Amino acid sequence: MQRTVQPQRNSAGAWSRLENQKTHLKNLCLQYQLYLLLNSHLLGLLKNETGLTIFFLCAYLPKTAAGHCKWTEVLKDLEQIKTSEDIDVSLYTANTDEDKECQEPVIRCFFLEMKVILHECYIKNCSKTQDVFNILKNGNASFENNQMNSTTSKKCKECEEYEEKNFTEFIQNFVKVIQRECK
(Lines give C-alpha, C1' and ligand atoms only; values in the text may rest on other atoms or scores of the structure.)
Protein backbone atom coordinates (compact mmCIF):
# COMPACT_ATOMS: atom_id res chain seq x y z
CA MET A 1 0.00 0.00 0.00
CA GLN A 2 1.40 3.35 -1.03
CA ARG A 3 1.45 5.99 1.69
CA THR A 4 1.03 9.65 0.79
CA VAL A 5 2.76 12.42 2.67
CA GLN A 6 0.66 15.42 3.56
CA PRO A 7 2.57 18.72 3.57
CA GLN A 8 3.11 20.37 6.92
CA ARG A 9 1.72 23.84 7.49
CA ASN A 10 4.84 25.57 8.75
CA SER A 11 7.52 26.58 6.28
CA ALA A 12 9.97 29.31 5.40
CA GLY A 13 7.13 30.89 3.44
CA ALA A 14 4.88 31.06 6.51
CA TRP A 15 7.42 33.21 8.40
CA SER A 16 7.73 35.52 5.44
CA ARG A 17 3.95 35.89 5.16
CA LEU A 18 3.78 36.66 8.89
CA GLU A 19 6.47 39.32 8.50
CA ASN A 20 4.59 40.78 5.53
CA GLN A 21 1.40 40.91 7.63
CA LYS A 22 3.28 42.69 10.44
CA THR A 23 4.70 45.21 7.97
CA HIS A 24 1.25 45.73 6.46
CA LEU A 25 -0.22 46.28 9.92
CA LYS A 26 2.49 48.82 10.78
CA ASN A 27 1.81 50.66 7.52
CA LEU A 28 -1.91 50.66 8.29
CA CYS A 29 -1.30 52.10 11.76
CA LEU A 30 0.98 54.77 10.33
CA GLN A 31 -1.58 55.68 7.69
CA TYR A 32 -4.30 55.94 10.34
CA GLN A 33 -2.12 58.21 12.51
CA LEU A 34 -1.42 60.40 9.48
CA TYR A 35 -5.14 60.51 8.76
CA LEU A 36 -5.87 61.66 12.31
CA LEU A 37 -3.12 64.27 12.11
CA LEU A 38 -4.39 65.57 8.77
CA ASN A 39 -7.97 65.47 9.89
CA SER A 40 -7.40 67.38 13.11
CA HIS A 41 -4.51 69.77 12.54
CA LEU A 42 -3.64 69.99 8.89
CA LEU A 43 -7.03 70.16 7.24
CA GLY A 44 -6.10 73.63 6.09
CA LEU A 45 -3.27 72.11 4.06
CA LEU A 46 -5.80 70.48 1.76
CA LYS A 47 -7.28 73.85 0.90
CA ASN A 48 -4.39 74.80 -1.39
CA GLU A 49 -3.06 73.22 -4.56
CA THR A 50 0.29 72.12 -3.12
CA GLY A 51 -1.36 70.38 -0.19
CA LEU A 52 -3.73 68.51 -2.50
CA THR A 53 -0.86 67.47 -4.77
CA ILE A 54 1.17 66.08 -1.88
CA PHE A 55 -1.86 64.28 -0.47
CA PHE A 56 -2.70 62.56 -3.76
CA LEU A 57 0.92 61.63 -4.46
CA CYS A 58 1.25 60.01 -1.05
CA ALA A 59 -2.12 58.31 -1.16
CA TYR A 60 -2.24 57.01 -4.71
CA LEU A 61 1.30 56.26 -5.82
CA PRO A 62 1.72 52.51 -6.13
CA LYS A 63 3.71 51.08 -3.28
CA THR A 64 6.64 48.97 -4.39
CA ALA A 65 8.89 46.97 -2.15
CA ALA A 66 12.41 48.03 -3.00
CA GLY A 67 14.54 45.06 -3.93
CA HIS A 68 11.65 42.61 -3.62
CA CYS A 69 11.79 39.60 -5.88
CA LYS A 70 8.72 37.52 -6.61
CA TRP A 71 10.88 34.41 -6.31
CA THR A 72 12.21 35.09 -2.78
CA GLU A 73 10.25 32.26 -1.17
CA VAL A 74 11.31 29.83 -3.88
CA LEU A 75 14.98 30.75 -3.33
CA LYS A 76 14.64 30.19 0.42
CA ASP A 77 13.18 26.72 -0.08
CA LEU A 78 15.76 25.85 -2.75
CA GLU A 79 18.42 26.60 -0.13
CA GLN A 80 16.65 24.16 2.19
CA ILE A 81 16.69 21.25 -0.25
CA LYS A 82 20.03 21.75 -2.00
CA THR A 83 21.90 19.57 0.50
CA SER A 84 19.34 16.78 0.56
CA GLU A 85 20.96 13.38 0.29
CA ASP A 86 17.76 11.38 -0.11
CA ILE A 87 16.80 12.93 -3.45
CA ASP A 88 18.59 10.99 -6.16
CA VAL A 89 17.18 11.77 -9.60
CA SER A 90 18.38 12.85 -13.03
CA LEU A 91 16.56 15.91 -14.27
CA TYR A 92 16.39 17.93 -17.47
CA THR A 93 18.46 20.95 -16.51
CA ALA A 94 18.26 24.19 -18.46
CA ASN A 95 21.38 26.20 -19.08
CA THR A 96 21.94 29.31 -17.00
CA ASP A 97 23.01 31.34 -20.02
CA GLU A 98 19.84 31.11 -22.11
CA ASP A 99 18.62 34.22 -23.93
CA LYS A 100 16.53 36.67 -21.91
CA GLU A 101 13.49 35.94 -24.11
CA CYS A 102 13.74 32.28 -23.11
CA GLN A 103 13.81 33.06 -19.39
CA GLU A 104 10.16 32.22 -18.76
CA PRO A 105 10.21 28.83 -20.55
CA VAL A 106 13.44 27.99 -18.70
CA ILE A 107 11.84 28.75 -15.33
CA ARG A 108 8.77 26.74 -16.29
CA CYS A 109 11.04 23.79 -17.15
CA PHE A 110 12.63 23.95 -13.73
CA PHE A 111 9.21 23.90 -12.09
CA LEU A 112 8.11 20.95 -14.23
CA GLU A 113 11.16 19.05 -13.04
CA MET A 114 10.34 20.03 -9.44
CA LYS A 115 7.13 18.04 -9.93
CA VAL A 116 9.30 15.02 -10.70
CA ILE A 117 11.24 15.63 -7.48
CA LEU A 118 8.01 15.92 -5.49
CA HIS A 119 6.75 12.66 -6.97
CA GLU A 120 10.02 10.94 -6.02
CA CYS A 121 9.78 12.40 -2.51
CA TYR A 122 6.29 11.00 -2.09
CA ILE A 123 7.49 7.56 -3.17
CA LYS A 124 10.67 7.55 -1.06
CA ASN A 125 9.25 9.60 1.84
CA CYS A 126 12.23 11.95 1.72
CA SER A 127 12.95 14.46 4.45
CA LYS A 128 12.55 17.54 2.22
CA THR A 129 9.08 16.78 0.83
CA GLN A 130 7.55 19.85 2.50
CA ASP A 131 10.20 22.18 1.07
CA VAL A 132 9.75 20.73 -2.42
CA PHE A 133 5.99 21.17 -2.08
CA ASN A 134 6.52 24.79 -0.98
CA ILE A 135 8.71 25.51 -4.01
CA LEU A 136 5.95 24.34 -6.32
CA LYS A 137 3.24 26.19 -4.38
CA ASN A 138 5.20 29.46 -4.26
CA GLY A 139 6.31 29.09 -7.87
CA ASN A 140 2.72 28.62 -9.03
CA ALA A 141 1.67 31.66 -7.00
CA SER A 142 4.42 33.75 -8.61
CA PHE A 143 3.34 32.67 -12.09
CA GLU A 144 -0.32 33.45 -11.31
CA ASN A 145 0.34 36.80 -9.63
CA ASN A 146 2.63 38.02 -12.37
CA GLN A 147 1.06 37.08 -15.67
CA MET A 148 4.13 35.92 -17.51
CA ASN A 149 4.21 35.92 -21.27
CA SER A 150 2.91 32.58 -22.52
CA THR A 151 4.38 32.92 -26.01
CA THR A 152 7.81 31.46 -26.54
CA SER A 153 10.35 32.09 -29.21
CA LYS A 154 11.05 29.33 -31.68
CA LYS A 155 14.68 29.39 -30.61
CA CYS A 156 13.77 28.45 -27.01
CA LYS A 157 14.29 24.77 -26.23
CA GLU A 158 11.69 22.37 -24.89
CA CYS A 159 12.46 20.96 -21.44
CA GLU A 160 13.33 17.53 -22.82
CA GLU A 161 15.97 19.04 -25.12
CA TYR A 162 18.18 19.98 -22.19
CA GLU A 163 20.82 17.64 -20.83
CA GLU A 164 19.92 15.45 -17.87
CA LYS A 165 21.94 16.30 -14.78
CA ASN A 166 22.02 15.13 -11.20
CA PHE A 167 19.99 16.78 -8.44
CA THR A 168 22.84 18.96 -7.13
CA GLU A 169 23.62 20.47 -10.55
CA PHE A 170 19.91 20.94 -11.22
CA ILE A 171 19.44 22.94 -7.98
CA GLN A 172 22.57 25.02 -8.63
CA ASN A 173 21.33 25.98 -12.10
CA PHE A 174 17.80 26.62 -10.82
CA VAL A 175 19.15 29.02 -8.15
CA LYS A 176 21.29 30.86 -10.73
CA VAL A 177 18.35 31.28 -13.11
CA ILE A 178 16.05 32.56 -10.35
CA GLN A 179 18.75 34.95 -9.06
CA ARG A 180 19.23 36.25 -12.61
CA GLU A 181 15.49 36.87 -12.81
CA CYS A 182 15.61 38.84 -9.55
CA LYS A 183 18.26 41.28 -10.77
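The expected span of a helix is taken as 1.5 Å times one less than its number of residues. In the predicted model described here, this rule can be applied to helix α6, which comprises the 16 residues 167-182 and should therefore span 22 Å. The C-alpha atoms at the two ends of α6 lie 23 Å apart, in agreement with that expectation.

Several residues of α6 are withdrawn from the surface: the buried positions of this helix are F167, F170, I171, N173, F174, V175, V177 and I178. At the start of α6, a polar approach is found between N166 and T168, in which a side-chain oxygen of N166 comes to within 3.1 Å of the backbone nitrogen of T168.

Apart from this helix, the covalent cross-links of the chain were examined. A disulfide is a covalent bond between the sulfur atoms of two cysteines, and the structure holds three disulfides. One of them joins C102 to C156, with an S to S distance of 2.1 Å. This pair links distant parts of the chain, 54 residues apart, since C102 lies in the loop between β1 (90-92) and α4 (103-124), whereas C156 lies in the loop between α5 (129-145) and β2 (164-166). The torsion about the S-S bond of C102 and C156 is -95°, and the link is left-handed. With a relative accessibility of 1%, C102 falls under the 20% limit and therefore counts as buried, and C156 is likewise buried, its relative accessible area being 10%.

Another disulfide connects C109 with C159, again with the sulfur atoms 2.1 Å apart. Here too the pair links distant parts of the chain, with C109 placed in helix α4 and C159 in the loop between α5 and β2, at a separation of 50 residues. Because the torsion about the S-S bond of C109 and C159 is about -100°, this disulfide is left-handed. Its two cysteines are both classed as buried, C109 on account of a relative accessibility of 5% and C159 on account of a value of 9%.

The remaining disulfide is formed by C121 and C126, whose sulfur atoms are separated by 2.1 Å. The torsion about the S-S bond of C121 and C126 is about 100°, so that this disulfide is right-handed, whereas the link of C109 and C159 is left-handed, as is that of C102 and C156. Both C121 and C126 are buried.

Note on methods. Residues numbered from 1 in each chain as written. Predicted model: local features only at pLDDT ≥ 70, side-chain atom pairs only at ≥ 80, totals over all residues. Heavy atoms only, no water. Helix = DSSP H or I, 4+ residues; strand = E, 2+ residues; numbered from the N terminus. Buried < 20%, exposed > 50% of the residue type's maximum accessible area, 1.4 Å probe, protein only. Polar contact = N/O pair within 3.5 Å; in protein donor to acceptor, adjacent residues only side chain to side chain. Disulfide = S-S within 2.5 Å.
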